[in-house]
Amino acid sequence: MTPPIVSADIAVVGAGPAGLAAAVAAAESGATVVLVDAGAQPGGQFWRHRPETVVPVPDGQGHHGWKSYLDLRARFDAARHQGLITYLPGLQVWMAQQNQPAQGDDAGFTLRTTPTVAEAASDRSAAGARTVVARRLVLCTGGYDRQLPVPGWDLPGVMAAGGIQAFIKANGILPGKRFVIAGTGPFLLPVAANIAEAGGKVLAVLESSSPTTWLPHLRAAAGVPEKALEGAEYAAVFARHRIPYRTRSIVTEVLGSGSLGADHASGVRTAKVDADGSVRPGTERVYEDVDVVGFGWGFTPQMELPLSFGVETRLDTDGSLVGVVDERQQSSVPGLYLAGEVTGVGGATLAVLEGLAAGTAAAGGSALPQKTAASEKTTARHRRFAEAMHRAHPVPPAWQDWLTPETTVCRCEEVTAGEITEARESLGARDARSLKSFTRAGMGWCQGRVCGFASACLGAGPGASPTAESLSSAAKRPLAAPVGIGELAALDADYEDPTNSLLKGDRA
Ligand SMILES: Cc1cc2nc3c(=O)[nH]c(=O)nc-3n(C[C@H](O)[C@H](O)[C@H](O)COP(=O)(O)OP(=O)(O)OC[C@H]3O[C@@H](n4cnc5c(N)ncnc54)[C@H](O)[C@@H]3O)c2cc1C
């Protein structure tokens, strides 16, 4: 059956800080908006909270910027009440396309959606697949944890640092009791603090960088004083719970145990490293009785939908592939706006500012002049802070030396570092796409979301960073989300031009 069509002036994908702000700004400028989000309730990653069916009035404990959320949420609810925003939670956009220009310059966009696995399993069966048609599109699809492989990282008990954070925020409970958190960046701090405040034991936070890397960036850091206050809060939690924070330290191996061999994480081997990530001999240490190891090496923007339109991209300071936008968040594709992590990982405040700008611009309006000037300054301060953060917390260039030839890199297809190196050396596979063809790395269930960055680095060679082309080839996915065969089959004659059905009155 062809999914019902929902139409509006503007479609927004993602209800995180950026998407929520974009939807509100567009609606307050008088446009009608359809907001599609894979989450079951607004908030995205940063403001993820317990199900409102269980906790109807969340108190914001453990959240930062909760007042901003409540403000946006109140405006969002008001706009929904007025019929300006149609909210479609629990739906993933699996394909997005531009409509035929024959319909006019402003022919717009079509989004194909499907219920998430969680939504399909829930009793909120009202949310079946929908096709969304809109004149303008704002993509605010956020990002996910960037991962680097290390021996043993494929054992059960190893999680992404953001995964632990999301687990606690969504469920109010911990995924284990004794934790080691490792990687780089300020994000490791709230993860460890939330674990400790929720009753878990954090044996150590291992940060590959050093606080001295901030010294050249003190001006940028001082531009966002609220981050220093946040840091002080975490320092107090670390002191209260006696959490060791070890700089220039990494996990070199996740140790496993089990009655039939290593079937879950039970410890970590660690080492001190130099600034480039080279392990310092004789600094090894072992932590035992660990049941969860959390890794966080920054975030990877969720780029499949922007890439499906062929938007112009660039490499950001942290090595991520991001969309290029102008000051109104307009991408290189007319009518397509990007906001939040997809234009560069910079935190929730920046995401909100970008979302507000994108929503206003997509609606064809412009904010009051003085408001625009103020928010432009705030946006610039947050961008400078984000750049400083990326420079102070780089992925260490020597990380490839931590791998053994047997280390699994692509967990879905069980491709090892040795196989990838062999493909690079013997077959000249130097980018993620060629590596995928020769080794199957990135060809499995997650389609390279987990191993894409690491594979691209390994293809580039020791100490080298991947090119934008290589990352782009790893992030291009014809289907942006898993979709049922029935929904593929339902792509009928009006696939090329779904507005035909719209004109025929086939509305939801
Ligand atoms: C797991 C995780 C936990 C994090 N926790 C913290 C934290 O505690 N503190 C902190 O400072 N920063 C945290 N971050 C970083 C933080 O998420 C960002 O700074 C901020 O949320 C960015 O806002 P955004 O609106 O760009 O994206 P997000 O908040 O990520 O929102 C994106 C939304 O888009 C939806 N989406 C994506 N693709 C599709 C699709 N195809 N169809 C439909 N919907 C889609 C997602 O489900 C999500 O709801 C976390 C990041 C991650 C990945």
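User: What does buried mean here, as opposed to exposed?

Analyst: Buried means under 20% relative accessible area, whereas exposed means over 50%. In this predicted model, both Trp214 and Phe385 are buried.

User: Why is Trp47 called buried or exposed?

Analyst: Trp47 has a relative accessibility of 2%, and because the cut-off for buried is under 20%, Trp47 counts as buried. Tyr69, with a relative accessible area of 2%, is therefore buried by that reasoning too.

User: How many aromatic pairs does a search of the whole structure find, and what makes Trp47 and Tyr69 one of them?

Analyst: The search finds nine aromatic pairs. The ring centres of Trp47 and Tyr69 are 5.5 Å apart, with 50° between the planes; since a pair needs centres within 6.5 Å, and planes neither under 30 degrees nor over 60 count as tilted, this is a tilted pair. Trp47 lies in the loop between strand S2 (33-37) and helix H2 (66-81), and Tyr69 lies in helix H2, 22 residues apart. Trp47 and Tyr69 also belong to one aromatic cluster with Phe46 and Trp66.

User: Why is the pair of Trp214 and Phe385 said to tie together parts of the chain?

Analyst: Trp214 is in the loop between strand S10 (201-207) and helix H6 (218-222), while Phe385 is in helix H10 (residues 369-392), so the pair joins parts that are 171 residues apart in sequence.

User: How do you know that the charged end of Arg411 sits over the ring of Trp153?

Analyst: The charged end of Arg411 is 4.4 Å from the centre of the Trp153 ring and sits over that ring, and the distance limit for such a contact is 6 Å.

Key: Residues are numbered from 1 along each chain as its sequence is written. This is a predicted model: local features need pLDDT of at least 70, side-chain atom pairs count only at pLDDT 80 or more; totals for chains, interfaces and linings use all residues. Side-chain values use heavy atoms; hydrogens and water are left out. Rings of Phe, Tyr and Trp (its six-membered ring) pair if their centres lie within 6.5 Å; planes under 30 degrees apart count as stacked, over 60 as edge-to-face and the rest as tilted. Helices (H or I, at least four residues) and strands (E, at least two) are DSSP runs, numbered from the N terminus. Buried means under 20% relative accessible area, exposed over 50%, partly exposed in between (1.4 Å probe, protein chains only). A charge sits over a ring if NZ of Lys or CZ of Arg is within 6 Å of the ring centre and within 35 degrees of the ring normal.
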